[in-house]
Amino acid sequence: MKRRVWFFIAMLTGIMAVAQTSIGNRVGVGLFNQVIKADKDVADFWTDDQVNLLAPTITVPVEIRLSKHFALQPEVGFVQRGNRYEDDYGTSTFQVNSVEFSLLAKGFIDVDKWKPYVFAGPSINRCLSVRSYFEPSVSSIPGSSELVMTADDYPLEITQISATAGLGAAFRIGVPWLFADYRHLWGLTPMMRIDFVDVNMNVLKDGRLYDRGSIFSIGIMIPLSRGAWESPGAEPDPPAEPQK
């Protein structure tokens, strides 16, 4: 596994050396929830009281431009996911803090100072810590409770794989680009495996919780090439085609 990671890093380094590269910062707010799948039908009560969890995302994207309309964009950073339940008794919140690496394929067009784009790709995240807390809404229930622990001490799948797709637009201000985008995330591997019973006491085995979420982001991308800074606003030439 380590050998594959080092090979992948070396490949990206080689691509960056010959391609036009930009680096930036992306901050966003995600709306997350979870879906459950099992080997039998799951009763609706499991998600009846679920609402979206508002969670932050902070990543460092690197755009590696390979042609006039195509780029690879690896991203690494902090993400938070989980779920939130609200009912007559109070609010239960479950937050999972993770570090995530994504590799997105990005297609775009340049229209004067505007650059609309679409993107899609896989991501892998490693859970770091868990925070679970309850806020009662009625006085008859004891006060709020909170539990914080490392992900290794909680029955989670520490490593998870997801798919991401979205669209956005960038606007050039001199040399840098300001951008805003929307992306949707689908968990491909479960966050947690559970066994539970439904209202009729039927045991559902092999239950699996999957993340779902929508993320709204803003950020900035800064070209690293000397030519972009020597001629601000000039359209860069695409990478040269390899000679046969």
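**View A. The largest cavity in this predicted model holds about 50 Å³ of space.** The model is predicted, and the count of cavities of 30 Å³ or more comes to one. As a general picture, rolling a probe the size of a water molecule over the atoms shows where empty space is left.

**View B. Ten side chains' worth of wall, zoomed in on the lining of the largest cavity.** The residues to look for are R26, T57, E75, V79, E100, S102, T164, R183, L185 and I215. Three elements each give two or more residues to this lining: strand 4 (70–86), strand 5 (90–108) and strand 9 (177–187). So what kind of residues make up the lining of the largest cavity, nonpolar, polar or charged? It's a mix: four are charged, three are polar and three are nonpolar.

**View C. W114 and F171 make a tilted aromatic pair.** This is one of three aromatic pairs that turn up in a search of the whole structure. The ring centres of W114 and F171 sit 4.8 Å apart, with 55 degrees between the planes. In sequence terms the partners are distant: W114 belongs to strand 6 (residues 114–136) and F171 to strand 8 (residues 159–172), 57 residues apart. W114 has a relative accessible area of 48%, so it counts as partly exposed, since exposed would need over 50%. F171 comes out partly exposed too, at 29% relative accessibility.

**View D. Y182 and F216 form another tilted aromatic pair.** Here the numbers are 5.2 Å centre to centre and 50 degrees between the planes. This pair also links distant parts of the chain, with Y182 in strand 9 and F216 in strand 11 (residues 203–223), 34 residues apart. Are these rings buried or exposed? Neither, strictly: Y182 is partly exposed at 32% relative accessibility, and F216 is partly exposed with a relative accessible area of 47%.

**View E. The charged end of K106 sits over the ring of Y117.** How far is that charged end from the centre of the Y117 ring? The distance is 4.4 Å.

**View F. K115 lies over the face of F108.** In this close-up, K115 is 5.0 Å from the centre of the F108 ring.

Note on methods: Residues numbered from 1 in each chain as written. Predicted model: local features only at pLDDT ≥ 70, side-chain atom pairs only at ≥ 80, totals over all residues. Heavy atoms only, no water. 1 Å grid on protein atoms, 1.4 Å probe; cavity = no way out; pocket = protein on both sides within 12 Å on 5 of 7 lines; lining within 4 Å. Points joined across faces, edges and corners; volume = space filled by probe spheres on them. Helix = DSSP H or I, 4+ residues; strand = E, 2+ residues; numbered from the N terminus. Nonpolar A, V, L, I, M, F, W, Y, C, P; charged D, E, K, R; others polar. Phe/Tyr/Trp six-rings, centres within 6.5 Å; stacked < 30°, edge-to-face > 60°. Buried < 20%, exposed > 50% of the residue type's maximum accessible area, 1.4 Å probe, protein only. Lys NZ or Arg CZ within 6 Å of the ring centre and 35° of its normal.
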